[in-house]
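Subject: Structure for you to look at

Hello,

Here is the structure I said I would pass on. Please open it next to this email and read the notes below with it.

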Amino acid sequence: MFSIIARRSKSAIAPLARFNHTLPDLAFDYNELEPFISAEIMQLHHSKHHQTYITNLNVAEEKAVTAFEKKDLTTQISLQQVMKFNGGGHINHSIFWTNLAPVKNGGGELSDASLLQAINRDFGSLESFKTQFAAQTVAVQGSGWGWLGFNTATKKLEIATTFNQDPLLHLVPLLGVDVWEHAYYLQYKNVRPDYLKAIWNVVNWKNVAERYHKVA
C-alpha cells in the first residue's frame, strides 16, 4: 500500500517528495477516557508512539523517492519492511483513535440496530462477541492488534488479529484494538485481559457503525 511506483521522469516523482503524513487530531482530550484509559497513556500513545510511526514513514518515503530517482533497487527493497511497519502503525492508530469515545459522548453504547443485528447473527450476542474478541486478542503473542472486520465476500462480520503493526487487509476494518504494551502497561501492567475488558466502556460504536454501513 505504501510502495511508491517508479516513474520514468523526475518531474513525475517530485510531487511525492513533498507529501508528508501528519498526526491526526483526537476528537477528545487525553483525560476524557479515564478511568478506563489514563491520560498519561493517551498522551504518550498519541503524541509519542503514533508520531514516531509517522516520522519514520515520512523519512522512509523520502528515501524511497531518492532511490527510485537513482534506480537504486537494493535500497528500494530494503525500505519495504520499514514502510510496512511504520505505515501500518499510522493506518492502525488512525482507525483506533476514531474507534474511541468518552462515556459522556456515548462511549460504550451500541445503539445502531443494524450493526447489533449483524453482531447477533454472526456471534450469537454482543456479550458473546466481546468474549470471543477478548479470547482471540489476548492470545496475540507479543505485540499486535485485535479487529472486528467485514468480509465483503461473505457479507459477514469476523474477528481477526494481526501481528506487530501489520494492517488488516483481508477484511474491511471496523474496530481495532491495540494490544501493544504501550497501549495499556502503565495502567494495567501485564494483565492484558483487564485492559480488554475495560476498553469496551470507551468504544465508539457510532464510528464502528458508520464504517459498517459504508460496506455492508
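The notes below cover one helix and one pocket.

This is a predicted model, in which local features need pLDDT of at least 70 and side-chain atom pairs count only at pLDDT 80 or more, while totals for chains, interfaces and linings use all residues. Residues are numbered from 1 along each chain as its sequence is written, and side-chain values use heavy atoms, with hydrogens and water left out.

Helix 5 covers residues 113-123; helices here are DSSP runs of H or I with at least four residues, and strands are runs of E with at least two, numbered from the N terminus. Asp112 caps its N-terminal end, with a side-chain oxygen 3.3 Å from the backbone nitrogen of Ser114. After the helix comes Gly124, with a positive phi near 100°.

Leu115, Ala118, Ile119 and Phe123 of helix 5 are buried (under 20% relative accessible area, against over 50% for exposed and partly exposed in between, with a 1.4 Å probe and protein chains only). They are on the same side of helix 5 because they cover an arc of only 100° around the axis, taken from the directions from the helix axis to the C-beta atoms. The face turned away from that side carries Ala113 and Gln117, which are exposed. The buried residues pack against helix 6, strand 1, strand 2 and helix 9 (contact is heavy atoms within 4.5 Å).

The lining of the largest pocket has nine nonpolar, five polar and three charged residues. Helix 4 gives the most to this lining, with three residues.

Regards

Note on methods:
Ala, Val, Leu, Ile, Met, Phe, Trp, Tyr, Cys and Pro count as nonpolar, Asp, Glu, Lys and Arg as charged, and the others, Gly among them, as polar. A polar contact is a pair of N or O atoms within 3.5 Å; within protein, one must be able to donate a hydrogen and the other to accept it, and residues adjacent in sequence count only if both atoms are side-chain atoms.
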